[in-house]
Amino acid sequence: MLGLKTASNSEWVTIAAANLEQILIDHAHCEKKAAANGMAMIARYPDRDQLVREMIALIKEETEHFEFIFEELQRRGVSLTRDRGDRYVQELSGHVNKNEPRRMLDFLLVAALIEARSCERFSLLSKCEDIPADLRTLYHELLASEAGHYRAFTDLARAYFPREEVQQRLDELLDIEAAIVRQLPSEPTMHG
Ligand SMILES: [Fe+2]
Ligand SMILES: [Fe+2]
């Protein structure tokens with residue numbers, strides 16, 4: 001899906017479906033962090049008009065996703081707990097180049113890959129018969145939105161960097177992403 005080089009471990013969705021409240025809490029934090037990352041990108045690159053415009057749209061959507069999942073938790077009588085962190089995102093972010101302009105390219109492509117993997121996970125959740133139908137519908141709707149975010153980040157990369165450079169680095173990061181996913185233990189988190 002979206003160029004990802006490895007599929008998620010098949011046992012992940014079984015673990016996720018059996019621990020829905022934990023998945024929803026972790027998912028809410030993912031949406032919150034996606035919105036926060038949009039703000040961080042504006043803070044880093046305030047003079048890049050197209051980037052700022054795209055990030056404003058993204059922040060609105062991710063904040064709405066956060067609201068959807070928060071309300072889903074509330075309906076179940078569950079409060080948010082503290083964010084326990086995301087090893088997948090931390091490991092992937094560790095590969096961001098320290099120096100500009102490559103740093104900006106890497107921030108855009110790493111964000112694109114996180115969207116792509118989230119999209120794959122939503123697809124698995126939306127097809128899982130052990131998950132309530134209304135939640136499966138919500139996952140299906142989110143899937144389309146996150147695929148749009150993947151395109152927004154890759155389009156921004158191509159707007160600011162030469163096409164060949166984007167493709168080469170995307171290919172490298174796809175290999176790195178696949179290696180990270182293969183070695184993560186299957187846990188009841190969105191990216192676990
Ligand atoms: Fe989202
Ligand atoms: Fe997203």
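Start with helix α7: its 21 residues, at 1.5 Å each, should span 30 Å, and the C-alpha atoms at its ends lie 31 Å apart, which agrees. The model is a predicted one.

**Along α7**

Select Val166, Glu177, Ile180 and Val181, the buried residues of α7. Now look down the axis of the helix: these buried residues fall within an arc of 90°, so they line one face of α7. Turn to the face directed away from that buried side and select Glu164, Gln168, Asp171, Asp175, Arg182 and Gln183, which are exposed.

Next, pick alanine 179, which also belongs to α7, the helix of residues 163-183. Is alanine 179 buried, exposed or partly exposed? It has 13 C-beta neighbours inside 10 Å; since a residue needs 20 or more to be buried and 12 or fewer to be exposed, alanine 179 counts as partly exposed. Add lysine 5 to the selection and draw a distance between the two C-alpha atoms: 9.1 Å, for residues 174 apart along the chain.

**α2 and α3**

Select residues 20-44 for helix α2 and residues 49-75 for helix α3; they pack at an angle of about 160°, and their axes are 8 Å apart. Angles over 145 degrees count as roughly antiparallel, and α2 and α3 are therefore roughly antiparallel to each other. Viewed across the pair, α2 passes α3 in a left-handed crossing. Colour the contact of α2 with α3 by residue class and you will find 17 nonpolar, four polar and four charged residues.

**The loop before α5**

Move to the loop between α4 (87-93) and α5, where proline 101 is found. What kind of peptide bond joins glutamate 100 and proline 101? The bond is cis, with omega at about 5°. For context, most peptide bonds are trans.

**α5 and α6**

From that loop, continue into helix α5, residues 102-126, and show helix α6, residues 133-160, with it. The packing angle of α5 and α6 is about 160°, with their axes 8 Å apart. That makes α5 roughly antiparallel to α6. How is the crossing of α5 and α6 handed, left or right? It is left-handed. Colour this contact by class as well: α5 with α6 has 19 nonpolar, six polar and three charged residues.

Methods: Residues numbered from 1 in each chain as written. Chains lettered and ligands numbered in written order. Predicted model: local features only at pLDDT ≥ 70, side-chain atom pairs only at ≥ 80, totals over all residues. Axes fitted to C-alpha atoms, helices over the stretch in contact; angles between N-to-C directions. Helix = DSSP H or I, 4+ residues; strand = E, 2+ residues; numbered from the N terminus. Parallel < 35°, antiparallel > 145°, perpendicular 65-115°, else oblique. Left-handed = near helix turned anticlockwise from the far one by under 90°. Nonpolar A, V, L, I, M, F, W, Y, C, P; charged D, E, K, R; others polar. Expected span 1.5 Å × (residues − 1). Arc of directions from axis to C-beta.
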